[in-house]
Structure formats: C-alpha cells, structure tokens
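I opened this model to look up a few things about its interior and its surface. My notes follow in the order I made them.

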Amino acid sequence: MNTTFPIVAPDPDDPAYRLVTFGYDGRDDGAHDGVLALLHTVTDKDRHSGDLTPHLMTRQTDGTWFITYRLRADHRASYQLHPFRGPVPGTTRADWLHVLDHAVPDTDGDRLPSRDGRHPSSVLSLPDAPAQPYVRRREGVPRGRLTAHEVAGRRVDAHLPGGEGPLGAVAVLLDGEMWGQVLSVADTLDNLTADAAIPRTATLLVHTMGPTRPDDLSCNPAFVDLLADHLLPWAHHEFGAPLDPSRTAIAGQSAGGLAAAFAAFHRPDRFGNALSQSGSFWWPDGTEFDTGSEWLTRRFATTDRRQARFHLEVGLQEWMLLPQNRHLRDVLLARGYDVSYREFNGGHDYACWRGGLADGLAHLLGPLA
C-alpha cells in the first residue's frame, strides 16, 4: 500500500466528527483469517461486553484490510493491529493478554513505547485533540540528568534540571519506571523548565509497578508516610529540594491517581498539590474495605478541608471511571477546594496522559500557582 494510514476524512453529516480509516497490508506476510483493530479503550469496551466483531477489519481482494471509525475530531488514542489465524480472539483476560502480546503498531506515524517486551503502539491524534507541546525532545533545550537511587528500600529515579540555580519545587511521579525508562519524561520536564512553565524542579520517579502495587496505591497510609517522611526529606538533604507543601506535587494515573489524591488527603503537610489522571476513585468495590465504593470521595465529603489543591483529568471514553471522577470533582468543589478539572476525548491511555501530565504540573507548580 502506498497510502499513509490512518486516513482522516470529514464526516459529511457532522463537522465535529471525522471518518478515520485504518489499513493493514497482509499481502507479504502470509494468509490471515482476520485482523483486529485495537483502538485503546474503544476496543476494550466491546471486549468487556464480550463482542470484538465491531473491530474486525474487512479484507479486500488484494489481501489488504481496512476498517473505518467515526470519531469526534478531538479524539486521541494509541492503537495497534492484530492479524490472526483461526477463530476471532476470545474476550477472556487470558485471550486479551495473548492479543496484546502479539499486536503490532501501524507502519507510519507517532509511536508510543511499551513495557514488558511488547510492541510499541501507534498514536492517533485528530486535529482538535489537545495540544501536547512538551512531550517531544527539542533541540537546544538544556538537558537535565536522571540518576537511580534506593530510598527506604524503594527504587527511585531522580530527575534534576540542567543549568544552575536553586530548586523551586519537587514533584513525585508514581509508576516512575514507566515514565522514566519507557516514556522518557525527562524530555517533558526539560521542555517545561526551558519554557519557565514550571520552576526548577526535582522530580522523583517512584517505582510502583511491582508486586506491592495493589497495596501501595490503594489509599495506604504507610506508603504515603514513607514518601512524606523518608523520600521528601531525603530529596531535601540530597538535592536541596524544598519541603514547602505548596511547592510539592504528587502525580499518578489510574490507581496512582487515587494514591495521589489520597496523599493530599492524608498528608497535606507534605503534599499540597495532587495531580490525578484517570483516577480509580471507584475504590474499593464494596467488598474489601469499609462499606460501599468511592471511599476517598466520602472521606473528602465528611472531614475538614485540607490545605491542598487538585488537578483532575479523565477520559470521556473511560466508561468505568468517568462518573466517579465527576463525583469527586463535585465533592471537592462543594467543600471549597481549589480544583482544576478536565475531560479529554480519549481513554485509559499514556498517549493522553503524557500531555496531561505536563499540563497538570504546569498548572500546579507554574509561576501563577
């Protein structure tokens, strides 16, 4: 195929939408029985309902495959393609993990790296999707340094900005191994610093994607106390990072978003700013802890207001998280908290989060903060 995919065309019925056609060239790699399009969160929703057929591409007589989606013009998503032999993949967790292990990116365009040996994803950004001016490395920007450490038995990668001068803020990023080793967040931090969108900031990338993740990131006071009483004082001693909670932000995604908001609830004396992206505020499910779901939201509703600010964002495609994030927003506003809130047209997806992380840090730590 000589055409670059995806092909984005106007929707003749509504200018707010686009018709997006994905293609796969199967002519040179043997016969396949089907090709499945994996549009992040969009395909996942149908998998959860037990039916992947809306995402099967149509085979052409020359061995190529196509599928067209109607998407709003501000949609952003990572995606992959999965050519397969045999029956349509099943929708169990084991089936889905097999699909993810073998799915491949498109041949052209922006790429999003992956973990655990999987192939990268491609990124679809339709014309009205939020700008992401900070995510790619720029020439001529002073480079910071990233160093590996162990603090209180935890792996932490520390990013310090290039150039000279005192540090004006500290940011704690949960799932630090993803942001540092895979997504190269150092480029984002360097760009933010060069544009004076944030002060010179010590960024502490805490590794939380190991076996203790479910405990660490489920409103765990011991984990937050470790960050507050060991990690932040260590960064102050090691790098001169400030201990002022108003210049300290903690950021996380999914369960990490829940943990970031809990840190501001539990230890506002250390964490005065919380950045939550697609936070899992449904937690718990009513069977593990207390009674009912949305434990943290209920705590915010019934306790004294903390000295903390929040930046929350969630995807419009996140059908399992959107109502709970809106509920937390409403509760925080009703209790008098300083809250910025954004809904982006995307899913549970680093393709969206990498831009939102930059925007959230700029909002919470920037010159007008």
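Entry 1. I began with Thr61, keeping in mind that the model is predicted. Thr61 sits in the loop that runs between β4 (58-59) and β5 (64-72). I looked up whether Thr61 is buried or exposed. Thr61 has a relative accessible area of 90%, and because the cut-off for exposed is over 50%, I noted Thr61 as exposed.

Entry 2. I then took the distance from Thr61 to Cys352. In sequence Thr61 and Cys352 are 291 residues apart, and in space their C-alpha atoms are 36 Å apart.

Entry 3. Next I searched for enclosed space. How many cavities of 30 Å³ or more does the structure hold? I found 1 cavity of 30 Å³ or more. The largest cavity has a volume of about 90 Å³. I listed 13 residues in the lining of the largest cavity, and Arg76, Pro130, Gln132, Phe344 and Cys352 lie nearest its centre. Cys352 is thus on my list a second time, after the distance to Thr61.

Entry 4. I sorted the lining of the largest cavity by element and by class. β16 (338-344) and α10 (350-365) each supply at least two residues of this lining. The largest share comes from α10, with 4 residues. By class I recorded 4 nonpolar, 4 polar and 5 charged residues in the lining of the largest cavity.

Entry 5. I turned to the nonpolar cores. The largest nonpolar core has 48 residues, and Leu204, Leu296 and Phe310 have the most contacts inside it. The elements giving two or more residues to this core include β10 (154-160), β12 (201-206), α7 (255-266), α8 (295-302) and β15 (309-315). α6 gives the most to this core, with 10 residues.

Entry 6. Which residues is Leu296 in contact with, leaving aside its neighbours within four places in sequence? I noted Cys219, Leu258, Ala261, Phe262, Phe265 and Phe281. Another core, of 29 residues, lies apart from the largest nonpolar core; among its residues are Met178, Cys352, Trp353 and Leu361.

Entry 7. Last I checked α7. α7 has 12 residues and reaches 16 Å from its first C-alpha to its last, close to the 16 Å expected at 1.5 Å a residue. α7 is mostly covered, with 10 of its 12 residues buried. Among the buried residues of α7 are Leu258, Ala261, Phe262 and Phe265. I had already written down Leu258, Ala261, Phe262 and Phe265 as contacts of Leu296.

Technical notes: Residues are numbered from 1 along each chain as its sequence is written. This is a predicted model: local features need pLDDT of at least 70, side-chain atom pairs count only at pLDDT 80 or more; totals for chains, interfaces and linings use all residues. Side-chain values use heavy atoms; hydrogens and water are left out. Buried means under 20% relative accessible area, exposed over 50%, partly exposed in between (1.4 Å probe, protein chains only). On a 1 Å grid over the protein atoms alone, a cavity is a set of points where a 1.4 Å probe fits but cannot get out, and a pocket is an open set with protein on both sides within 12 Å along at least five of seven lines; lining residues have an atom within 4 Å of a point. Grid points are joined across faces, edges and corners, and a volume is the space filled by probe spheres set on the points. Ala, Val, Leu, Ile, Met, Phe, Trp, Tyr, Cys and Pro count as nonpolar, Asp, Glu, Lys and Arg as charged, and the others, Gly among them, as polar. A nonpolar core is a set of buried Ala, Val, Leu, Ile, Met, Phe, Trp, Tyr and Cys residues joined through side-chain atoms within 4.5 Å. Contact means heavy atoms within 4.5 Å. The expected span of a helix is 1.5 Å times one less than its number of residues.
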